[in-house]
Amino acid sequence: MHAGGAFAYAGAEAVTLRIDGTETQVRRPRAGRPGRRAFVSGKKRQNTIKATVIGDGQSHTLWTGAARPGRMHDQTAVRTEGIAEKFRLHPQVKAEADEGFRGLHNEFPCQVSVPPKEPGNDVPLGEQYAWREYRRRQTSARICIEHAIAEHRQWRALQRHTSQRSTYTETHLAIAGLVSDRAVRRATRRKPSTALVPLQQAARWSLTS
């Protein structure tokens, strides 16, 4: 499924998307090669390639892509890939994301939810407790995308990519496709329907059961 399809599906089924990034260690470019430092991740201090993953509340992978050198910020990647434009085209779609997508939240505050900024030490104790509780709930809502990414990383090629960096995107997409196909075969957790049933029909069901 491409990114546009994931947003169309989320809009039609009222699904809240989960967005997160993942990093895979790759070979270090040779000395003297232009752009060598572009792969050094500011978070892991290693040579990595990042990718963005979009999933749903059932830990299903709906889309993955936006592969880029590890130095590039998550926010820059989603804008380059056109994800921000997808929110503009689908104003009814909502998403949960982490701190790295705060810029996306600032642009679409009613659609993208990110962890709240930590209050200062001078704020009342009640506000600090409220911040911790809100952050806990937001983290709980995002945990399913972490589970989806964990399924990707069960494959050794996405734990440390030892082949050429140019083959990473194809490898990641192939593995993500297999993971997605396997995930959709799992039983989903659905809430029971709350639709009203006519009384006569309910009585007829009770007599026949």
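## Aromatic cluster

Phe7, Phe87 and Phe108 form one aromatic cluster. The structure is a predicted model, and the count of aromatic pairs in it comes to 2. One of them joins Phe7 and Phe87 in an edge-to-face arrangement, with 4.9 Å from centre to centre and 90° between the planes. This pair links distant parts of the chain, since Phe7 belongs to helix 1 and Phe87 to helix 3, 80 residues apart. Phe7 and Phe87 are both buried.

## Helix 1 and its surroundings

Helix 1 covers residues 3-13, and Phe7 is one of its buried residues. The others are Ala3, Gly4, Gly5, Ala6 and Ala10. The buried residues of this helix pack against three strands, namely strand 1, strand 2 (48-55) and strand 3 (61-69), and also against helix 3 (83-89).

Just after helix 1, the backbone at Ala14 takes a positive phi of about 55°.

## The second largest pocket

The second largest pocket holds about 380 Å³ of space. Its lining consists of 15 residues, and those nearest the centre are Asp20, Gly21, Lys43, Asp74 and Asp98. Two or more lining residues come from each of strand 1 (17-26) and helix 5 (125-152). Strand 1 gives the most, with 4 residues.

By residue class, the lining of this pocket divides into 10 charged, 4 polar and 1 nonpolar. Strand 1 thus appears in two settings: it contributes to the lining of the second largest pocket, and the buried residues of helix 1 pack against it.

How values were computed: Residues are numbered from 1 along each chain as its sequence is written. This is a predicted model: local features need pLDDT of at least 70, side-chain atom pairs count only at pLDDT 80 or more; totals for chains, interfaces and linings use all residues. Side-chain values use heavy atoms; hydrogens and water are left out. On a 1 Å grid over the protein atoms alone, a cavity is a set of points where a 1.4 Å probe fits but cannot get out, and a pocket is an open set with protein on both sides within 12 Å along at least five of seven lines; lining residues have an atom within 4 Å of a point. Grid points are joined across faces, edges and corners, and a volume is the space filled by probe spheres set on the points. Ala, Val, Leu, Ile, Met, Phe, Trp, Tyr, Cys and Pro count as nonpolar, Asp, Glu, Lys and Arg as charged, and the others, Gly among them, as polar. Buried means under 20% relative accessible area, exposed over 50%, partly exposed in between (1.4 Å probe, protein chains only). Contact means heavy atoms within 4.5 Å. Rings of Phe, Tyr and Trp (its six-membered ring) pair if their centres lie within 6.5 Å; planes under 30 degrees apart count as stacked, over 60 as edge-to-face and the rest as tilted.
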